[in-house]
Amino acid sequence: MFAIFRLLVAVAVALACLPSGDAEATTLARNVRIGIHADKTRVVLDLSEKVSYRVFTLADPYRVVLDLPEVHWQVPAGAASRKGGLVAGLRFGLFKPGNSRVVLDLKEPGVVRSVFLLPPAPPQPYRLVIDLAASTRTAFLAKVKPPPVSAAKPPPRPTAKPRRRAGAKPVVVIDPGHGGVDPGATGIGGSLEKWVTLRMARQLRKVLNRSGRYQVALTRDRDIFIPLRGRVAFARRAGADLFISIHADSIADHSVRGGGIYTLSEKSSDKEAAALAAKENRADVIAGVNLTQHDDDVASILIELTQRETMNYSARFASALVPELRRHIRLRRKPHRFAGFRVLKAPDVPSVLVELGYLSNRRDERMLTSATELASIANSIGRAVNHYFGGLKH
Ligand SMILES: [Zn+2]
């Protein structure tokens with residue numbers, strides 16, 4: 001046991017010596033494999049080069065996280081759906097600039113018995129091996145020692161509304177949901193929500209820029225994970241006058257289709273909206289973020305006073321959006337709903353979350369993976385943005 005601890009410490013030290021993430025990633029991750037043995041579950045990552053690495057565990061839910069320098073993922077199709085033994089699911093991708101990540105969801109508590117890097121033995125490349133063995137909750141919790149969290153600056157306190165200089169263009173922040181190690185929903189034909197949302201966001205940026213009426217920013221413009229509070233902080237730093245978070249859902253019943261518009265509230269409008277918010281709020285857990293220090297944030301959505309006025313503006317934009325979107329996409333019954341979405345929590349930025357449809361439905365997926373359709377949807381959201389800001393002048 002002590003040897004493993006020493007190994008982990010050595011690994012952590014090695015990782016601390018990594019060069020910063022600015023350099024172009026050249027290492028290729030070629031495969032992720034899972035081997036099931038009588039006494040252990042072995043996870044193997046095939047790599048083109050030797051890398052530094054760090055492994056740690058997180059509880060509730062039980063996860064094992066492997067951090068690497070930024071690598072390119074060239075794994076076979078289907079690698080992300082592998083599971084077996086102790087591993088109930090896995091994800092990989094960029095966590096932050098310079099830091100790629102693999103997150104393993106465990107079926108039950110497990111200990112990391114050993115982690116080691118095997119040198120190439122042609123035709124085998126470098127192999128990073130993690131051996132996991134079944135354990136107990138008590139033993140698991142005793143090992144949970146998340147890495148030090150880089151001290152993120154708390155966002156500024158909300159102020160009454162001083163931001164916009166007279167005559168300045170309104171700032172619209174578009175937030176493509178998910179990204180990097182968090183793929184979001186998976187479509188029936190294999191599409192990933194993180195790409196649908198990014199394409200939609202870029203298209204909407206094009207439409208809004210073309211109008212010349214707005215200053216537009218995207219929370220991400222590449223395949224990278226951003227924590228929910230990071231998205232909120234981005235909007236506030238940008239002095240956003242409107243925040244549009246783009247998503248697409250997936251559900252077991254493949255016949256369900258249609259989009260919806262969501263705004264923040266303490267009480268959910270219905271069970272379905274509450275369940276959706278809970279699902280979207282899990283993005284940080286999915287990406288292997290340790291949430292224990294953010295309990296205040298997770299426990300409940302407390303609406304601050306300044307937020308109430310903001311919520312009225314959010315609802316106004318949602319009302320402008322419903323008829324415009326309806327021209328291009330089918331909307332659910334009760335198209336505007338409310339729930340406690342963490343990404344909509346900026347107290348001073350009117351914010352909506354748009355679910356474009358269900359990737360689990362073939363027709364919705366076909367629509368959301370078509371450039372032409374996305375362009376039409378972007379035009380309708382653009383018209384709603386014009387109506388909203390046009391209406392504010394009167
Ligand atoms: Zn989503």
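## A six-stranded sheet and its helices

Let's begin with a shaky spot: over residues 295-299 the pLDDT stays under 50, and the model has four contacts there beyond four places in sequence. This is a predicted model, and where pLDDT is low, the predicted coordinates should not be read in detail. For the chain as a whole, pLDDT averages 87, with 84% of the residues scoring at least 70. Residues 1-23 are another stretch where the pLDDT is below 50; beyond near neighbours in sequence, they have 21 contacts in the model.

Now for the overall picture. The chain has 394 residues, and 53% of them are buried. Its secondary structure adds up to 10 helices and 15 strands. Of the contacts in the chain with a separation of 6 or more, 76% link residues 24 or more positions apart.

Where should a newcomer look next? Try the open sheet built from six strands, which are ordered E11-E10-E12-E15-E13-E14 with mixed pairing. At its edges sit strand E11 (215-218) and strand E14 (331-339), each of which pairs on one side only. On average, neighbouring strands of this sheet are turned by 20° against each other, direction ignored. As a reminder, strands of a sheet pair through backbone hydrogen bonds, either parallel or antiparallel.

Inside that sheet, strand E10 (residues 171-176) runs parallel to strand E12 (residues 242-249), and five bridges join the two. If you want a pair to find by eye, isoleucine 174 stands opposite isoleucine 244 in E12.

Two helices lie across strands of the sheet, and here is how they run:

| Helix | Strands it lies across | Angle |
|---|---|---|
| H3 (residues 193-211) | E10, E11, E12 and E15 (351-358) | about 160° to E10 |
| H5 (residues 271-280) | E12, E13 (259-264), E14 and E15 | about 65° to E14 |

Let's stay with H5 for a moment. Which residues of H5 are buried? They are Ala273, Leu276, Ala277 and Glu280. Looking down the axis of H5, you'd see these buried residues fall within an arc of 100°, so they line one face of the helix.

What caps the N-terminal end of H5? That's aspartate 270: one of its side-chain oxygens lies 3.3 Å from the backbone nitrogen of glutamate 272.

So, for a first tour, you could follow E10 to its parallel partner E12, and then pick up H5, which lies across E12 as well as E13, E14 and E15.

Key:
Residues numbered from 1 in each chain as written. Predicted model: local features only at pLDDT ≥ 70, side-chain atom pairs only at ≥ 80, totals over all residues. Heavy atoms only, no water. Pairing = 2+ DSSP bridges. Helix = DSSP H or I, 4+ residues; strand = E, 2+ residues; numbered from the N terminus. Axes fitted to C-alpha atoms, helices over the stretch in contact; angles between N-to-C directions. Contact = heavy atoms within 4.5 Å. Buried < 20%, exposed > 50% of the residue type's maximum accessible area, 1.4 Å probe, protein only. Arc of directions from axis to C-beta. Polar contact = N/O pair within 3.5 Å; in protein donor to acceptor, adjacent residues only side chain to side chain. pLDDT = per-residue confidence, 0-100.
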